[in-house]
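Trainee: I'd like a close look at one part of this model rather than a tour of everything. Could you pick a helix that repays the effort and walk me through it, along with what surrounds it?

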Amino acid sequence: MTGYWRASRAPRHSLLFALPLLLLYELLAFTLSHDAILGVRNGADVLLKSLFVGLGGRQGLIAFGLLLLGTGAVLLVRDLRRSGAIQPGIFLLMLAESVVYALLFGLVVGALTGLLLGGLGSAPEMRLVAGQVQATLSRPTQLMISLGAGIYEELLFRVLLVGALAWSGRHLLGWGARGSGVAATVLGAAVFSAFHYVGPYGDPVDLPSFTFRALAGLVFSAMYLLRGFGITAWTHALYDVFLTLG
């Protein structure tokens, strides 16, 4: 079990496990909109690509894709050279683990929300996805946005935002590694929660749902540190998909 725990976090398995999620989201988004720039997409996807699209239009979008896949390929090759071959059987275990986490996620975060708010909101009906306005979209579009949440929200809020905040705490503010990490995780969770209330598909702000989403951000950050990017991305995506289909 220790071997699986370590290997499933390694880039050679974690990044390859996330790749089908990325491709499925992009294929579904393009199929629904018939355009790589226009059309409804996950908000984190739009934020990450907006700078590249603003600078270079469709060429900028290609540059973003090459940067994303190229960075992943470098990490993958480096891990292969250092740690050995890919073990295909691990991917099935990772999928099963992600499904279990996704099924338990809402119950755990909802219970924590209820405890924190003293019964103000047990949050059985709360969601990470923007609910009220997004519910007016077609079911395939909702599923596409849910898949994008897994890959792009985890990339934006866990990998980039929390990583950048932790780096800033250590190198710009002179904090220790632990203090920087804790502060970055808490602030990142608050930003992650606030993100769901911005834009045309955002929800009205209220304390129970904001708390639920902030706690979800903390849980996802812990999952990212303990289980790696791939399992965290699939857990997030599957959780949102289950809510959409439920």
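Mentor: Sure. Some background to start: this is a predicted model, and buried residues make up 43% of the 246 residues in the protein. You're looking at seven helices and zero strands, so the order of elements from the N terminus on is simply α-α-α-α-α-α-α. Among contacts between residues at least 6 apart in sequence, 76% join residues at least 24 apart.

The part I'd pick is helix α3, which covers residues 43–83. Count its residues and you get 41, yet the C-alpha atoms at its two ends are only 36 Å apart. A straight helix would reach 60 Å at 1.5 Å a residue. Where does α3 bend? Look at G56, where the bend is about 135 degrees.

Now the two ends. At the N-terminal end, N42 acts as the cap of α3, with a side-chain oxygen 2.9 Å from the backbone nitrogen of A44. Past the other end, G84 comes just after α3 and takes a positive phi of about 115 degrees.

Next, what is tucked away. The buried residues of α3 are A44, D45, L48, K49, G60, L61, F64, L76 and D79. Their cover includes α2 (11–33), α5 (139–171) and α6 (177–195).

For a view from one of those covering helices, take R12, which sits in α2. Is R12 buried or exposed? R12 is buried, because its relative accessible area of 7% falls under the 20% cut-off. Leaving aside neighbours within four places in sequence, R12 is in contact with A7, L76, D79, L80, S83, G84, A85, I86, Q87 and F91. Two names there should ring a bell: L76 and D79 are among the buried residues of α3. G84, with its positive phi, is another of the contacts of R12.

Then there's the pocket, which you'll probably want to see. The largest pocket in the model has a volume of about 770 Å³. Of the 27 residues that line the largest pocket, L15, L68, G72, L75 and L155 are the closest to its centre. Which helix gives the largest share of the lining? That's α3, with eleven residues. Each of α2, α3, α5 and α7 supplies at least two residues of the lining.

Since α7 has come up, here are two spots on that helix, which runs over residues 207–245. A214 lies in α7 and is buried at a relative accessible area of 16%. Not counting residues up to four places away in sequence, A214 touches A189 and S193. The C-alpha atoms of A214 and A190 are separated by 5.3 Å, though the two residues are 24 apart along the chain.

L238 is also found in α7, and it counts as buried because 14% relative accessibility is under 20%. Apart from neighbours within four places in sequence, L238 is in contact with S98, V99 and A102. With A102 the C-alpha separation is 5.9 Å, across 136 residues of chain.

So if you keep one picture of α3, let it be this: a helix with a bend of about 135 degrees at G56, capped by N42, and supplying eleven residues to the lining of the largest pocket.

How values were computed. Residues are numbered from 1 along each chain as its sequence is written. This is a predicted model: local features need pLDDT of at least 70, side-chain atom pairs count only at pLDDT 80 or more; totals for chains, interfaces and linings use all residues. Side-chain values use heavy atoms; hydrogens and water are left out. Helices (H or I, at least four residues) and strands (E, at least two) are DSSP runs, numbered from the N terminus. The expected span of a helix is 1.5 Å times one less than its number of residues. The bend at a residue is the angle between axes fitted to the seven residues ending there and the seven starting there. Buried means under 20% relative accessible area, exposed over 50%, partly exposed in between (1.4 Å probe, protein chains only). Contact means heavy atoms within 4.5 Å. A polar contact is a pair of N or O atoms within 3.5 Å; within protein, one must be able to donate a hydrogen and the other to accept it, and residues adjacent in sequence count only if both atoms are side-chain atoms. On a 1 Å grid over the protein atoms alone, a cavity is a set of points where a 1.4 Å probe fits but cannot get out, and a pocket is an open set with protein on both sides within 12 Å along at least five of seven lines; lining residues have an atom within 4 Å of a point. Grid points are joined across faces, edges and corners, and a volume is the space filled by probe spheres set on the points.
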